[in-house]
Amino acid sequence: MACLNMEQQTWAFTFGILGNIISLMVFLSPLPTFYRVYRKKATEGFQSTPYVVTLFSCMLWIFYALLKSGSELLVTINGVGCVIETVYIAMFLVYAPRAARVLTAKMLLGLNVGVFGLVALVTMVLSKGSLRVHVLGWVCVSVALSVFAAPLSIMRQVIRTKSVEFMPFSLSFFLVLSAVIWFAYGAFKKDVFVAFPNVLGFVFGLAQMALYMAYRNKKPAAAVVLVEEVKLPEHANKEVPAAAAAPEGRASCGAEVHPIDILPAAEEPPVVEAVTVAARDDPQQVAVAIDVMEPVTCAAAAAELAMMKPDTAIAVEV
């Protein structure tokens, strides 16, 4: 039995060391994103929520490890995590827009100062001995679950923008690997508070990797102004043919004017004494008599009409 215990302790220590190494890679995986933020001096669509929550989780796990004996490997990695997350958040506060800085500062004060202080106070005052460890352990489990769920906001952004720019594959990969290692560590240490939340971490990590594979080759959605091509009428693109000669016995004033029949000389044309423009009730109206004993051409009619005022009302009587 003692040999089995020693073997379990050895495996737990081995997985604890591996967990420290993998978790360090998880903490460092956002470095390309923050290097881009530093180079562009802007956070663009980057969000600080996952890093504020991760900092809060590291603080709680350090508190838990200090209360429970034999958890030194939890202290080391979470201490390093606190330093790295603090640097990330500081860079965000430097380069983020004012509204994002204010929101991040509120989250830091509310979560990392207010909630952590309340948890520490309740744990130390209202509980004692092993109960204190259990109360803090369940608090750590709930926060760990929220840490694993925090990337959901980034996943939603990936789906909306069809871009994996702010969800690096390395982060998702090391998240899955870290969940597997720490689950094994918790199992060998018989620490349910360490093993249980990493099951959900494994599931969320796989979901992020699947999302990355689905959108890695997609073009980011951008605001595109659609300009419809306005097509001219077909006849506007065609060359206007030369005016064809009017058929014999017809006269034309243009392409859009119907020709006027001219009677043959042999036939006696009907005599129209006058086309009367009568002044009926309006004194502005005038009377014009047009002799049409000879065929009327369009040019003659246009000349007669040109002599009228533009606002003259015309009533034609036959």
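M124 is partly exposed, with 39% relative accessibility, in what is a predicted model. This methionine sits in helix α5, which covers residues 98-126. M124 also has nonpolar company at the surface: together with L118, L121, V122, V125 and L126, M124 makes a patch of about 590 Å².

Now let's turn to helix α2, residues 31-40, where the inside and outside are easy to tell apart. Its buried residues are T33, F34 and V37. Looking down the axis of α2, you will find these buried residues within an arc of 95°, so they line one face of the helix. A bit of helix geometry helps here: an α-helix has 3.6 residues a turn, so residues three or four places apart point the same way. The other side of α2 carries P32, Y35 and R39, which are exposed. And what lies over the buried face? The cover of the buried residues of α2 includes α3 (49-67) and α4 (72-95). Just past the helix, K41 follows α2 with a positive phi, near 55°.

Finally, a look at the cysteines. How many disulfides does the model have? The count is zero. C58 shows why a bond is missing there: the closest cysteine sulfur, in C82, is 4.8 Å from the sulfur of C58, too far for a bond, since a disulfide calls for sulfur atoms within 2.5 Å. C58 is buried, at 3% relative accessibility, and C140 is likewise buried, at 1%.

Key
Residues numbered from 1 in each chain as written. Predicted model: local features only at pLDDT ≥ 70, side-chain atom pairs only at ≥ 80, totals over all residues. Heavy atoms only, no water. Buried < 20%, exposed > 50% of the residue type's maximum accessible area, 1.4 Å probe, protein only. Patch = residues over 30% accessible without salt bridge, like charges linked within 9 Å, V, L, I, M, F, W, Y side chains within 5 Å. Areas by Shrake-Rupley, 256 points an atom, 1.4 Å probe, with all protein chains shown as cover. Salt bridge = Lys/Arg side-chain N within 4 Å of Asp/Glu carboxyl O. Helix = DSSP H or I, 4+ residues; strand = E, 2+ residues; numbered from the N terminus. Arc of directions from axis to C-beta. Contact = heavy atoms within 4.5 Å.
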